[in-house]
Amino acid sequence: MLSGSDDKSVRLWDIRSGQQIQVFNGHTNSVLSVEYSQFVIKSNNDVIGGKSNVICSGSWDNTIRFWDVRSNKNELYMIKGDKKGDDGILDFKFIELKKKEKNYENIKNGTHNLNLCYSSSEARICIWG
């Protein structure tokens, strides 16, 4: 289970034991939303779809950060919201748009057409993809 906190951290919990497994630090303000992403990191650092080991967190600091739960707690990547139009990331969701695939290599290799949608405190919905 994942949780975000006013102490600017993201925590990974073992629900069977009720114990905290890891803490991810890097946000500069309260963490408002967390979830597992639809990505995994392969050993050669390629990003593909599958069983996820990457978590994402959104914060009042206007960033979405990506973390690998197997790593040494360092963030993998950060997306900054628009400075003028956003004032904190309230929530986000990964969506897969339906698209007719004409490229056989993309179908064979499992290439996905994912977009990241997020809402800000300024009542905007933004799409990355």
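The following exchange goes through one sheet and one serine of a predicted model.

Student: Why is Ser-59 called buried?
Tutor: Buried means under 20% relative accessible area. Ser-59 has 0%, so Ser-59 counts as buried.

Student: Which residues is Ser-59 in contact with, leaving aside its neighbours within four places in sequence?
Tutor: They are His-27, Asn-29, Ser-30, Val-31, Leu-32, Gly-88 and Ile-89. Ser-59 itself belongs to strand E7, residues 54-59.

Student: What makes the pair Ser-59 and Asp-61 a polar contact?
Tutor: The cut-off for a pair of N or O atoms is 3.5 Å. A polar atom of the Ser-59 side chain and the backbone nitrogen of Asp-61 are 3.0 Å apart, which is within that cut-off.

Student: Where does E7 sit in its sheet?
Tutor: The sheet is open, has four strands and follows the order E4-E7-E8-E9, with antiparallel pairing.

Student: What makes E4 and E9 the edge strands?
Tutor: Strand E4 (31-36) and strand E9 (75-80) each pair on one side only. Between neighbouring strands of this sheet, the average turn is 20°, direction ignored.

Student: How do you know that E8 and E9 pair?
Tutor: Pairing requires at least two bridges. Strand E8 (residues 63-68) is joined to E9 by five bridges, so the two strands pair. Arg-65, for one, has Met-78 in E9 as its bridge partner.

Student: Where does UniProt place the feature "repeat: WD"?
Tutor: The unreviewed entry puts it at residues 1-23 and 24-77. In the model, residues 1-23 are 61% strand and 0% helix, and the end C-alpha atoms of that span lie 12 Å apart.

Terms used: Residues numbered from 1 in each chain as written. Predicted model: local features only at pLDDT ≥ 70, side-chain atom pairs only at ≥ 80, totals over all residues. Heavy atoms only, no water. UniProt positions renumbered as here; feature names shortened; annotations may be inferred. Axes fitted to C-alpha atoms, helices over the stretch in contact; angles between N-to-C directions. Buried < 20%, exposed > 50% of the residue type's maximum accessible area, 1.4 Å probe, protein only. Polar contact = N/O pair within 3.5 Å; in protein donor to acceptor, adjacent residues only side chain to side chain. Contact = heavy atoms within 4.5 Å.
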